[in-house]
Each structure stands twice: as structure tokens, then as C-alpha cells.
Amino acid sequence: MAAVLEGLEPEETAAAAEDAARSTVEAVESRPGAPFLLAGNQLNLDVHPGGCHRLQYLCSQQPPELLQVEFLRLSTHEDPRLLDDTLAQVPWSLLRLRSLVLKGGQSRGALGACLHGTLTTLPAGLSDLACCLAHLDLSFNRLETLPPCILELCSLDALLLSHNRLSELPEVLGALPTLTFLSVRHNCLEKLPTTLGSLSALQRLDLSENLLDTIPSEIGNLSNLSELNLASNRLQNLPASLAGLRSLRLLVLHSNLLTSVPTGLAHLPLITRLDLRDNQLRDLPAELLDAPFVRVQGNPLGEASPAPPSPPDISQIPEMPRLFLTSNLDSFLVSPHGCSVTLACGVRLQFPAGATTTPITIHYRLWLPEPHLVSLGPHDFLLSGVLELQPHGVAFQQDVSLWLLFVPPRVQRYREVVVRTRSDDSWTDLETHLEEEAPKRLWARCQVPHFSWFLVVLRPVSNTCLLPPEGALLCSSGHPGVKVTFPSGATEEPRQVSMQVVHMAGLELRALLEESEASVSPLLCLSQNGPPSFLQPVTVQLPLPPGVTGFSLDRSHLHLLYRTPSTATWDDITTQVALELTHLYARFQVTHFSWYWLWYTTKTCVGGLARKAWERLRLHRVNLIALQRRRDPEQVLLQCLPRNKVDATLCRLMDRYRGPEPSDTVEMFEGEKFFAAFERGIDVDADRPDCVDGRICFVFYSHLKNVKEVYITTTLDREAQAVRGQVSFYRGSLPVEVPQEAEAARQRKGTDALWMATLPIKLPVRLERRELTGRNRVPGS
């Protein structure tokens, strides 16, 4: 393995290290009770907890295998004292490490954000690796200054410091003569050292998402630099020396405060992309304005008035009737006069006058949907991302109007769209009204008394009433034949009761049971917020299954099923209740609520069949696709599509992409995790937060776009022949509400139970090096 990795580029070395970690295949027991993971020249201690203790044990024993390790991965989600003590015990002088990954970010918080590791410094002994270490990844940690020992690593090729707390880089940074890749993304840098221009071998430099307002002119000395990312800083101007970067192919400058750019950028000989979006440019040289590689959206080009030096201070504006926020703003001020706000993410808010008694700053963020951020019932579908509005829990004097934009689903019969919000650690549905903006765009409008998390959900039609002690009648608006009658005295105190009705297609049921006469009623869910039982029996009315009448049916084939909440199983309670039949309906009495279902079938063991049908109602048939961009085969589009949308989607994409036929049909649950893994010599070529152990992580939501674009690379030689690899899709964790004893969960046990599909990926012979565009940008799902 070590011989194969000789001569790789830094990003390829990183990918090879992650691939080696994923393919750990041998567990070596050196002593009972002290296991560790070794695989050839790779030591992976970040996939299981207790990595520090395992490394300490290895260092104390120093087995021969330890001295052969060239790739070491250790999670920094450990106690900081334990982590520091462990790193101090490592015999660095005895190791010949080529890649060292001390990275946080593998764990996520309650809101889905990547948690930073506890690493704040490095031991001085790390400098003993000066002659061999080529790849060092310290991303997602708590570094505030660059550890001095790093500056002694004279063979370092790639240094990754993204998502730390660095406020500056030392002037002696130029002492790393072999560095070709430097990432300091998402830190707190306010200025750069002039010695940055001394890194003559540097090819890729990522300084995005910092606080930079100037760039030293010495940066023009980086003669080998091919990619420079300065996005999301505070730059107002650029040094003219940037025009001297003759090897530059990619220059990303979006989301800054630029009012002008050097004219010489238009004459860079190799430039393929210049991203100037979302700045304050009002004029550009004609050579740049007409160039196909320049992106200028979000600039006030052509406006006569000069650009303001800085955004206006909205705290000084007495009235704010209308605000339009751009993508680089995540907060706004609301005064007692009220205002109407339109956010860049497709959200509108209206604060009436008097909603606040004092000025208050509102912060917002749109989260990608993750299972721990989304609350869905068994038959709910997610229609939007998760909007967070802060401060949480602050009560407004008047309700605030909230509009959330979503794409309406095709099938809405017996279903309704609601806005769901979190309050006091529980999720509730708000009264929601739909407003049409276009045939395929709808607003979900609701009134909110305070701020929290919000999302748009498609649920079965729900009917609710407040049950008084005098009794009540609750009817389903989705199916008028479903009714619940509460007699007087059923409750002592008023309580909220709700019902939902779910329909199952007869054709699908008969195919599942292989019985032409099988039929079922609508599935009824009853819930309430009071004591578990009622004081008086409650009468439930369900329509008989289609095709069955009360005067002609064989009662031995009619079964009333009840879902037991504690075991998530379906029990046949036909003999335990008195079923009253009319020509069209069946009535029975209960004292507590759950799910009820009428079945008409000649089969036995109806409870087991109901469990399979229950799962079938929740499973979605999908196909997986993997397409490569025609002009750039190293850019791969991965997507999970409902079966009925595959042909239309491929027809739309095939002019820009090519690839194999879609996978065979597989079945997935709403909210189920799955992964895409590149194999047989192909790896992901990016440092992405959604890349877990080298696998791209997806969460399947049937009504959202489950699509991602990634860049791939290979450690194999493409000069002589094409690389024929593959991408495989694997199942991940099931949604919480799916019981582990479910059929789908049981079927996953086995060697290949998690595998879903494999599609071929081919990287052609490299005639000349292809530099990718936008490689540092992480596309959304």
C-alpha cells in the first residue's frame, strides 16, 4: 500500500487515508480486554469510542505492527486532558507516519451541527515527523494559534486547519517549502502574513469564511497556485498582483464587499472560473463582463448611484416597513413599529405594530433536514428544510405571521399540509393556510406566538376537538363514514382528542396478500392528551372494507385489529369486542385510544399480515442513479428518485450528464439514512461535512430532492488507462418510529444486508490535467 501511495497529490493522499480507514479488516488481540484495530500500515482509532485508551495501550506495548503504521486517525472528541496525555505518550520518533488525522466533527449536536473536537495544541515531539509526514488534518477543533511544531514539518504537503478558531497565521509560515494544499476555511482570520507569498509550491489555498478585509500583495508571488478561495470574507478591494497568478484556474470571491476588481484578472491565461457573486460591483471591465467563466449574479451592475461603503445600520431606522435580506445576512432588527421581512431562503415574516415593546434582533438559519431535527409521524412526509428563528421562547405581544415556501406534492387526497413547530421539547402542528404563488409553488402561512424550529409537513387529514364532560361527536373530514361518539361522563376534565385516517390501495393490498378478495377499511388513529383511559366506553364507527356489506359478509373473515403501542404489533381483538354491523359500517366500543383497522380476508395470522401491510404503507419504491458530467467526468451527480420520476429526470439531465442505467428498485422509509461509497480505486475528492468515513451521507425524504454533486479522484494511474470503479449505495439507520422487530429491520441482518445497489463509474484516460470548478463548495441535498 505504501508503494502505491508514493507520489500522490495531497488531496489524493487524504482520500487514500480515509479509504484505508474505511477498509480496516483485521482485529488484533494483543491481550484479553485490550483490543485495537490495525490493518497493514493503517491505524484507525476514530470509529469507536475509547480511541485514546487504545492508543495509550499500544504505545506502552509498542508491538512491531505499530512501528509500521503510516496512516493514523484519532478522534479528538475525548476529554482534553486525556487527549493531551495520549499525544504526549506517542513515540513520534519511532513512527514513520505519512498521514495524521486528528479531526473533530464526527459527532453532531442536538441541532445537527458538527461538534468540534477538544484539540487546542500539539506536543512538541510531533516535530520528529519532519522528514516523513506529508498530510496533517486538524479540522473541526479548537486551535486558536498554530502549534509551533507544525512549522518544523519540512516535508508537509497538505495542511488542513478548517473550522478552528485561528485569528492569525504566523509570519514564519513560509518555512514550509513543500506545502501544496492549505485550508484555513471557517476560522477568525483578520489578516494574512506577508510570508504567505513564500510558499512557492502552493497549488490550492482556501481562506473562505473568515474576517479578512485585505489581502497582502505578496500573494501574487504564488506562481504555482491553481485554486484560490476567498469567499465569505470582508474584502473591499483586491491587490493588482493577483493578475500575476499565471497558473490560476479557479478564483472564488463571492459574498464579499468588493466594489472593483483588477482588470488584469481578465488576462489570466488558464482561468476557467471567476466567481464574483453577491458583492457590491457596479461596473466591470468589458473583458470580464463578457467572459463565459465569470459569475456576477447578486451585484448592482449598471446602477448609477455609488455603492454605500457599508450596509446601513437598521437600528437607527425608526420604521422598517419592508426588509429584503440577502444570503449573507442572518439577522435583522425588529422595532415596536413592526415590519415585513423577506428572507433569502424563501421565508416571509410580518411583525404587526406592537409585537415587541423594545427593539429585538432576530436571527435565522435554514438547516438541512436530519432525523434529530425533524419530527414525523408514521405516515407523515417532509416538504421543507428546517427553519430556526431565534431567540427561542421569547413571547410576542401579538402573533407574528410566518410564510414558508414549499413545492406541493402530487398526491394530496386525504392529506393536508401543516407547519410543525417545536415548543417545550415537543412538536405541535399550527393552524396552516395555503396561498398559491405559482402552479408549482405554495406558501404555508401560520401565526406564531414565539420563535423556535419550523418545518412543513404533509400528514393524513387530522380532526381535533375539545372533549367536554358532557360528551361530543368527532367526525373525519377525510372520510365522513369514520366517527367517534363520546358519551356524557367519558371524562371529568376537558381534554383534546384527535383522529387521523390513512387509506391503503386495494390493488397493493391484494398483491401483498396474493388474495383477490382481500380488502381493508381505512386505518384509524385515535389520540388524546388526557389520562390513558376514558371513564365511559367510547363508540367508534368504521366503514366496512370496500366490496363488503354487512348483510352478505362471512363474519369469520372479518377481523378487527388493534395496534399495541408497547410492542408495536397488531392484535386481532375481534372476539374481545361486540361488533355491531350495518349495511355499510361496523361499530365497536373502546376505553382507550390507539390504531384500529378492519380486515376482510380468508388468511390466518392476520396480525402478521397487518404488520407487513403497515410497513408497505410507509415504504417508498425508489431508484438510485449516478451520472457523470459530460464535460467533466470527475463531477458525479448522485440521486435517489421515486420510481415514477426516474424517466423524466433522466430525460432532463442527459444533455449534460451520462451514466449507467438506474439501479433496480429498492424500498426506503421516510427519514431513512443511506450512504454512497466510491470503490475500486475511486474516492471522494473533498472535505465535506456530509462525508462520513469516506461515504456520502443522505437522509431520504420522499418529497424532497435527494441529490448531491460530488467530485471524485483516484489514486490509480490514469495516464495509461481508464479507471473503472464503482459507486455502491448502502443502508444506514432506520427512522426512530420504525420498530426494530419490523420485517425491514430483520431482513437487514446478514453479510450484504446493508447493500442496495452498485453502479459503474469510469474515469477516462487523463490527456491533460482537469482542474475542477467549485470543488470546495458543498452542494445541498
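Two strands pair if DSSP finds at least two bridges between them. Helices (H or I, at least four residues) and strands (E, at least two) are DSSP runs, numbered from the N terminus.

The model is predicted: local features need pLDDT of at least 70, side-chain atom pairs count only at pLDDT 80 or more, and totals for chains, interfaces and linings use all residues. Residues are numbered from 1 along each chain as its sequence is written, and side-chain values use heavy atoms, with hydrogens and water left out.

**Exercise 1. Strand β38 and its partners**

Task: find which strands pair with β38, and name a residue that stands opposite Y600, W595 and W597 in turn.

Solution.
- Step 1. Take β31 (residues 519-520). It pairs with β38 in the antiparallel sense over two bridges. S519 stands opposite Y600.
- Step 2. Take β32 (residues 523-528). This strand is also antiparallel to β38, with two bridges. Here C525 faces W595 as its opposite residue.
- Step 3. Take β34 (residues 558-564). Six bridges join β34 to β38, again antiparallel. L561 stands opposite W597.

**Exercise 2. Burial along β38**

Task: decide how many residues of β38 (residues 595-600) are buried, and which way their side chains point.

Solution.
- Step 1. Set the scale. Buried means under 20% relative accessible area, exposed over 50%, and partly exposed in between (1.4 Å probe, protein chains only).
- Step 2. Count. Six of the six residues of β38 are buried.
- Step 3. Recall the rule. In a regular strand the side chains alternate between the two faces of the sheet.
- Step 4. Sort the residues. W595, W597 and W599 point one way, while Y596, L598 and Y600 point the other way.
- Step 5. Compare with the whole. Of the 781 residues of the protein chain, 53% count as buried.

**Exercise 3. The tryptophan rings**

Task: classify the ring pair of W597 and W599, and find the cluster that holds both.

Solution.
- Step 1. Apply the cut-offs. Rings of Phe, Tyr and Trp (its six-membered ring) pair if their centres lie within 6.5 Å; planes under 30 degrees apart count as stacked, over 60 as edge-to-face and the rest as tilted.
- Step 2. Get the total. The structure holds 14 aromatic pairs.
- Step 3. Classify. The ring centres of W597 and W599 are 5.4 Å apart and the planes make 85°, so this pair is edge-to-face.
- Step 4. Check burial. W597 has a relative accessible area of 0% and is buried. W599 is buried too, at 0%.
- Step 5. Extend. Ring pairs link W570, W595, W597, W599 and W614 into a cluster.

**Exercise 4. Charges over rings**

Task: state which arginine lies over W443 and which sits over W367, with the distances.

Solution.
- Step 1. Use the test. A charge sits over a ring if NZ of Lys or CZ of Arg is within 6 Å of the ring centre and within 35 degrees of the ring normal.
- Step 2. For W443, the residue is R348, at 4.4 Å from the ring centre.
- Step 3. For W367, the residue is R365, with its charged end 3.9 Å from the centre.

**Exercise 5. Helix α7**

Task: check the span of α7 (residues 606-618) and say how many of its residues are buried.

Solution.
- Step 1. The expected span is 1.5 Å times one less than the number of residues.
- Step 2. The 13 residues of α7 should therefore span 18 Å, and the end C-alpha atoms are 19 Å apart, which agrees.
- Step 3. Ten of the 13 residues are buried. Among them are V606, L609, W614 and R616.

**Exercise 6. Two open sheets**

Task: give the strand order and the edge strands of the sheet of eleven and the sheet of five.

Solution.
- Step 1. The eleven strands run β3-β4-β5-β6-β7-β8-β9-β10-β11-β12-β13, with parallel pairing. The edges are β3 (42-45) and β13 (294-295), each pairing on one side only.
- Step 2. Look inside this sheet. β8 (residues 181-183) and β9 (residues 204-206) share three bridges in the parallel sense. S183 stands opposite D206.
- Step 3. The five strands have the order β45-β46-β43-β48-β49, with antiparallel pairing. β45 (691-692) and β49 (755-763) each have a single partner strand, so one side of each lacks a neighbour in the sheet.
- Step 4. Look inside again. β43 (residues 672-679) and β46 (residues 695-700) pair over six antiparallel bridges. E672 has F700 as its bridge partner.
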